[in-house]
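I am opening a notebook page on a structure that is new to me, and I want to keep a record of what I looked up and in which order.

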Amino acid sequence: MKQELNAILSFGAQAVSNTKNVFDEAAGVSLDRLIQGNSNYKSTSVNPAKLTSELRENTAINGQTPLAVVVCCSDSRVPLEHIFHAGIGELFVIRNAGNLISTFDLGSVEYAVEHLGTPLVLLMGHTNCGAVGAALSPVQEKGGLAAILSEIRAAIGPELDPRIAEEKNTLHALATLGRSPILQELHQQGKVEFAAAVYNIQTGHVDFLQE
Ligand SMILES: [Zn+2]
């Protein structure tokens, strides 16, 4: 799995054994901020992030410079900003059931990286994901839900272990981002780095897959 992740993170560039070495400074700062925020989240029930009227006014007037894009599942047990102790203007969030990358999701990531200068993109799955669980079962759905299950089943293949399937689904979404020519170019210019993680809905821990 780690080898697979490194291959994806290299985005066609030279593969490296320690992905941290290739993170540029801004992406590294963002990653450290997310790791520290998650560490704090696990030890307190209060999110001390800034939610002030001054900050609302400031960001409304001056715009946003999010520290990271996070693509995650819509599951209500994944309270994203709280998980990282983040406040207004800090995270550019894209959510759908199963943390998948459709055309609209891809465009949203490209927008944040290209136009807002966001230096880090985190693809985050989670434990006990209902979408992955449904994809592992023989259930047949209709409409948009059928499309979600089809995408996840393609990502996980014959895998039967839910935990491994959640990782595979997350890496599949990350690989889809990696096929974006816009993101490839920005990555090669050193303007964006990528990370993958799985959030444990029981412990609150974000397990970064490259660590
Ligand atoms: Zn889920």
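The entries below go from one strand to its partners, then to the core, and last to a helix.

Entry one. I am working with a predicted model, and I began with strand β1, residues 68-72, where I found five of its five residues buried. Looking at the directions of the side chains, I noted that A68, V70 and C72 point one way from β1, while V69 and V71 point the other way. I recall that side chains in a regular strand alternate between the two faces of the sheet.

Entry two. Which strands pair with β1? I found that strand β2, residues 91-95, runs parallel to β1 and is joined to it by five bridges, with V71 standing opposite I94 of β2. I then looked up strand β3, residues 120-126, which also pairs with β1 in the parallel sense, here over four bridges, and in which V121 is the bridge partner of V69.

Entry three. I turned to the largest nonpolar core, which has 50 residues, and listed those that touch the most other members, among them V69, V71, V121 and M124. Strand β4, residues 193-199, gives the most to this core, with six residues. For M124 I looked up the contacts, leaving out residues up to four places away in sequence, and they include V70, V71 and C72 as well as A197 and Y199.

Entry four. Is helix α3, residues 53-62, mostly covered or hardly covered? I found it hardly covered, as the count of buried residues among its 10 residues is zero, and I noted that G63, just after α3, takes a positive phi of about 90°.

Terms used
Residues numbered from 1 in each chain as written. Predicted model: local features only at pLDDT ≥ 70, side-chain atom pairs only at ≥ 80, totals over all residues. Buried ≥ 20, exposed ≤ 12 C-beta atoms within 10 Å, placed from the backbone. Helix = DSSP H or I, 4+ residues; strand = E, 2+ residues; numbered from the N terminus. Pairing = 2+ DSSP bridges. Core = buried A, V, L, I, M, F, W, Y, C linked by C-beta atoms within 7 Å. Contact = placed C-beta atoms within 7 Å.
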